[in-house]
Amino acid sequence: METKTYSEKLKDPRWQKMRLDIMERDNFTCRLCGDIKTTLNVHHTKYSKTEPWDINKDWLITLCEDCHNEVNNMKSINGIKTYWYDFNKDIFKIVKCDDWDTGIRVMFISFMDIKIIRVYDENGDITTGLNFTGSDQLEEIAELLAYKMKKP
């Protein structure tokens, strides 16, 4: 019997059904930033030694492509990977601000005591990135910027 790669397993109809079930459960909405317009992915917060579709549905969440990329990027920072077994929206927050006219995206990420601000250009490349710890004002900054970007 031929062993399938992980990518091939994600094309299996059993995974596709599970993926659709999770997206329906989450109202086709990113569980971190609330986005309903960007391509959605289903993220494994835990892995098991079984097939991708043979997993507890509580270990799967819907994330937009942008948040999914950020979550996967965070796995490599300071051993954070160990925390993903206890994924919790209350300790991981993302605010995403898009300017559809210019294509610029600003993302504010807060995880435990790590804070990140990333600015992306119209091609999706990071143009500016700041990592810092300890600021309680990140959400206020994010709300202000989101307000300014949405203003006509």
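Leaving aside residues up to four places away in sequence, which residues does Asp 12 touch? In this predicted model, the partners are Lys 4 and Trp 53. Asp 12 itself sits in the loop between helix H1 (6–9) and helix H2 (13–25). With a relative accessibility of 8%, Asp 12 falls under the 20% limit and so counts as buried.

Let's step back to the whole chain. The protein has 4 helices and 6 strands, and reading from the N terminus they come in the order α-α-β-β-α-β-β-β-β-α. Of its 152 residues, 38% count as buried. The accessible surface comes to about 9,700 Å², and carbon and sulfur atoms account for 50% of that. As for how the chain meets itself, take the contacts between residues at least 6 apart in sequence: 48% of them join residues at least 24 apart.

Now for the inside. The largest nonpolar core has 22 residues, and the ones with the most contacts inside it are Leu 32, Leu 60, Leu 63 and Cys 67. Several elements feed this core with at least two residues each: H2, strand S1 (40–44), strand S2 (60–64), H3, strand S4 (104–111) and strand S5 (114–120).

Leu 63 is a good place to look around. Again skipping residues up to four places away in sequence, Leu 63 touches Cys 30, Leu 32, Thr 39, Leu 40, Asn 41, His 43, His 68 and Val 71. Follow that list to its end and you land on Val 71, which belongs to helix H3 (residues 65–74). Val 71 has 0% relative accessibility, so it counts as buried. From Val 71 you can also hop to Ile 109: the two are 38 residues apart in sequence, while their C-alpha atoms are 9.4 Å apart in space.

That leaves the cysteines. How many disulfides does a search of the whole structure find? The count is 0, and two sulfur distances help show what is going on. For Cys 33, the closest cysteine sulfur is the one in Cys 67, at 3.7 Å; a disulfide needs the two sulfurs within 2.5 Å, so this pair is too far for a bond. Cys 64 also has its closest cysteine sulfur in Cys 67, at 3.6 Å, and that is too far for a bond as well. As for their surroundings, Cys 33 is partly exposed, with a relative accessible area of 24%, whereas Cys 64 is buried at 0%. Cys 67, the neighbor named in both cases, is one of the residues with the most contacts inside the largest nonpolar core.

Definitions and conventions:
Residues are numbered from 1 along each chain as its sequence is written. This is a predicted model: local features need pLDDT of at least 70, side-chain atom pairs count only at pLDDT 80 or more; totals for chains, interfaces and linings use all residues. Side-chain values use heavy atoms; hydrogens and water are left out. Buried means under 20% relative accessible area, exposed over 50%, partly exposed in between (1.4 Å probe, protein chains only). Contact means heavy atoms within 4.5 Å. Accessible areas come from the Shrake-Rupley method with a 1.4 Å probe; for residues, only the protein chains shown count as cover. A nonpolar core is a set of buried Ala, Val, Leu, Ile, Met, Phe, Trp, Tyr and Cys residues joined through side-chain atoms within 4.5 Å.
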